[in-house]
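Visitor: I would like to go through the ligand sites and hear the reasoning behind each label.
Guide: Here is the entry to look at.

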Amino acid sequence: MLKIDNLHVRLEEEDKAILRGVDLHVPAGSVHAIMGPNGSGKSTLAYVLSGRDGYEVTQGEVALEGQDLLDLEPEERAAAGLFLAFQYPVEIPGVGNMTFLRTALNAQRKACGEDEASAADFLKLIRDRANSLHIDPDMLKRPVNVGFSGGEKKRNEILQMAVLEPKMCVLDETDSGLDVDAMRLVADGVNALRDDGRAFLVITHYQRLLNHIQPDVVHIMADGRIVKTGGPDLALEVETNGYADILQEVA
Amino acid sequence: MGLPARRQEDTEARVAHLVVPDGAAWATEVRKQAVSRYLAMGLPERRDEYWRFTRPDDLNAPQAPPAAVVDFKEAPAFGEVDRLKVVFRDGVFDAEASDDLSCEGLEVERLQSATAHDIHWSKDVYGVLEARGQVPVARPFAALNTAFATDGIVIRATERVSKPVNLIYLHENPDSDAILHFAIKVESGADLTVLENGPAAARFNKCMEVDVADGGAFHHVRAQGRDHERRAVTHMFARLGQESAFKSFTLTVNGVLTRNEAFIELVGDNAVSHIAGAAVGDGDFHHDDTVFVVHDAVGCESRQVFKKVLRNGAVGAFQGKILVKEGAQKTDGYQISQSLLLDEDAQFLAKPELEIYADDVACSHGSTSGAIDEDALFYLQSRGLPRPEAQDLLVLAFLAEAIEEIESEDIAEDIYGRLEGWLQRRRQ
Ligand SMILES: Nc1ncnc2c1ncn2[C@@H]1O[C@H](COP(=O)(O)OP(=O)(O)OP(=O)(O)O)[C@@H](O)[C@H]1O
Ligand SMILES: [Mg+2]
């Protein structure tokens with residue numbers, strides 16, 4: 001599904017390399033987790049995948065189902081099936097959550113040559129998805145993320161994912177700021193979407209989320225590289241021992 | 001103390017070709033007083049503090065600078081609204097094109113006719129509110145208007161009027177210089193909505209006086225703009241009685257020069273005044289909102305929400321003052337003026353002011369100017385919105401706070417439709 005080869009990225013503004021040769025292959029139907037110390041480049045990777053300005057790819061390739069992603073605009077990447085649940089979801093005063101969701105869904109349908117969703121179908125879809133994530137209908141009327149609590153923002157990200165049904169879902173610390181019950185809801189939301197045609201890249205600091213969303217593979221990122229890859233046990237090891245041992249071992 | 005010679009000459013030259021229309025003795029007296037007021041104040045100059053942001057030259061010129069008449073594909077505003085149409089062509093009332101204006105609780109009369117009667121209710125409004133609004137700041141174009149207005153209507157609402165009165169201003173002559181005056185009285189407990197749209201003339205001087213009696217309500221929505229080259233100077237004077245409500249919204253698209261002044265006096269306790277504006281400008285566009293709100297009673301609320309979206313050299317200006325007089329306790333005043341600059345060539349000039357002589361009041365004001373939020377833009381793009389669409393959505397969101405001041409949902413929809421059309425045309 002997602003294939004990253006030898007990706008090198010530096011900041012456009014300052015001459016600073018952040019990613020230094022990331023290799024990652026996430027096949028369809030799988031869940032991969034990325035863990036790693038603060039500042040190791042996890043969010044940068046997520047942003048570069050989704051096409052945010054301010055980064056320069058100096059080397060390497062990224063392909064989604066064989067399609068080169070790096071030349072595409074962010075909206076084209078979304079239409080190609082990529083979705084990023086933001087570590088820090090953005091507040092958009094004046095744009096209603098509902099309008100936002102409908103505009104996004106229809107924009108993607110249009111990009112794929114499909115008809116827009118009818119008002120009734122859309123409403124039904126949203127109600128259903130919001131309901132299973134325990135999202136208050138009131139939150140749908142409010143402006144996007146404005147005044148939402150940390151946990152509400154994260155649930156709103158998952159709602160968007162559930163509505164847009166992307167093929168490749170990148171979740172950047174979706175678990176941080178969630179209470180225990182909300183984490184279970186979010187995990188259920190993710191698990192409901194798991195299928196053979198879809199893949200997940202879950203960035204997290206905590207093993208706890210991975211109890212609910214069972215990963216197939218766990219990667220450790222440090223200093224802009226994937227330094228270790230293993231099974232779910234790797235997350236447990238991090239949880240108990242921290243990163244020191246792992247970093248020493250690969251140094 | 002007279003004006004400097006040069007200024008006096010210009011002031012006289014500006015009106016040399018205008019005549020005070022005939023009317024009943026009271027009307028002639030009001031107009032003559034307005035002429036004296038105008039001559040005493042003189043035309044504005046660039047160095048006048050009140051005209052610091054806007055060059056008055058084109059308004060001062062004896063002849064109106066010509067303005068090409070544009071044939072728009074887009075339907076005019078308020079077409080879907082069930083309304084009473086009052087049509088003016090280059091500043092002249094067109095009875096043929098206007099609707100029959102009989103409607104329960106509504107009296108409408110042409111200005112010429114109203115001011116010909118020896119006794120008429122409009123005597124208490126015409127030129128009266130304008131004169132009150134000349135203190136503390138001079139508004140010479142309003143005095144000029146009272147003195148020389150050639151046409152207009154007077155409107156009296158005595159109960160809830162079921163249909164809005166829609167003043168439609170057609171522009172057909174590239175050299176027209178129109179002066180229209182409207183005197184409006186909303187009686188106690190009555191409710192009236194006035195809509196305005198159309199470019200009116202190459203140069204348009206409009207003055208509207210609105211007297212809202214105790215418990216009355218006045219709603220005003222204006223879609224200003226269309227012809228690119230037209231110039232406009234407009235004044236709104238309002239006096240609000242006890243527990244009355246005044247709500248005014250203006251949308252401005254296009255127009256090389258627009259100066260919209262408002263002078264609102266809250267003289268009865270617990271009156272409410274909301275005045276809002278959304279202006280979008282691209283290129284040769286100068287838009288100036290100059291608002292003065294006077295709190296002179298207890299427990300009144302006033303809100304001013306002005307938003308401008310500017311690009312490609314467009315200039316927006318805002319001068320807003322809330323004056324809270326002694327004894328106007330429990331005043332609740334809010335003022336916000338904001339601009340969204342879509343590129344580095346656009347410019348926003350603002351002068352928000354509070355002047356408060358009462359101690360138990362809650363007043364706030366703020367003014368900001370900024371670029372589009374790149375983080376929000378990226379967020380929307382990452383959800384599949386193409387960049388231009390995402391930008392338009394953010395532009396509409398920015399303007400929303402002003403548009404939300406419109407009470408009627410249908411009319412607000414109409415305004416949104418107009419803005420979407422404008423945005424879409426910019427994208428091509
Ligand atoms: N726009 C930027 N300007 C300056 N430094 C940046 C910028 N973006 C990222 N960095 C730096 O790049 C490094 C990687 O940041 P990134 O946000 O990718 O880390 P992370 O692994 O997601 O960390 P965390 O676990 O704390 O979320 C950090 O040192 C960060 O300070
Ligand atoms: Mg991060």
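Visitor: Which residues are the closest to ligand 1, and how many surround it?
Guide: This is a predicted model. Ligand 1 is surrounded by 15 residues, and the closest are A:Gly39, A:Lys42, A:Ser43, A:Thr44 and A:His205. Helix H1 of chain A, residues 42-50, gives the most to this shell, with three residues. By class, the shell has eight polar, four charged and three nonpolar residues.

Visitor: What makes the pair between ligand 1 and A:Gln87 a polar contact?
Guide: The cut-off is 3.5 Å between N or O atoms. An N or O atom in the side chain of A:Gln87 is 3.2 Å from an oxygen atom of ligand 1, so the pair qualifies. A polar side-chain atom of A:Glu173 lies 3.3 Å from a ligand 1 oxygen, and a polar backbone atom of A:Gly41 is 3.0 Å from an oxygen of ligand 1. Alone, ligand 1 exposes 630 Å², of which the protein buries 64%.

Visitor: Which residues coordinate the magnesium ion?
Guide: A:Ser43 through OG and A:Gln87 through OE1 coordinate the magnesium ion (ligand 2), at 2.0 to 2.2 Å. A:Ser43 lies in helix H1 and A:Gln87 in the loop between strands S6 and S7 of chain A, so the pair ties together parts that are 44 residues apart in sequence.

Visitor: Why is A:Ser43 called buried?
Guide: Buried means under 20% relative accessible area. A:Ser43 has 17% relative accessibility, so it counts as buried.

Visitor: Is A:Gln87 buried or exposed?
Guide: A:Gln87 has a relative accessible area of 12%, which is under 20%, so A:Gln87 is buried.

Conventions:
Residues are numbered from 1 along each chain as its sequence is written. Chains are lettered from A and ligands numbered from 1 in the order in which they are written. This is a predicted model: local features need pLDDT of at least 70, side-chain atom pairs count only at pLDDT 80 or more; totals for chains, interfaces and linings use all residues. Side-chain values use heavy atoms; hydrogens and water are left out. A residue is near a molecule or strand if one of its heavy atoms lies within 4 Å of it. A polar contact is a pair of N or O atoms within 3.5 Å; within protein, one must be able to donate a hydrogen and the other to accept it, and residues adjacent in sequence count only if both atoms are side-chain atoms. Accessible areas come from the Shrake-Rupley method with a 1.4 Å probe; for residues, only the protein chains shown count as cover. Helices (H or I, at least four residues) and strands (E, at least two) are DSSP runs, numbered from the N terminus. Ala, Val, Leu, Ile, Met, Phe, Trp, Tyr, Cys and Pro count as nonpolar, Asp, Glu, Lys and Arg as charged, and the others, Gly among them, as polar. Donors are N, O and S atoms within 2.8 Å of the metal (3.2 Å for Na, K and Ca); water is not among the atoms, so sites may look incomplete. Buried means under 20% relative accessible area, exposed over 50%, partly exposed in between (1.4 Å probe, protein chains only).
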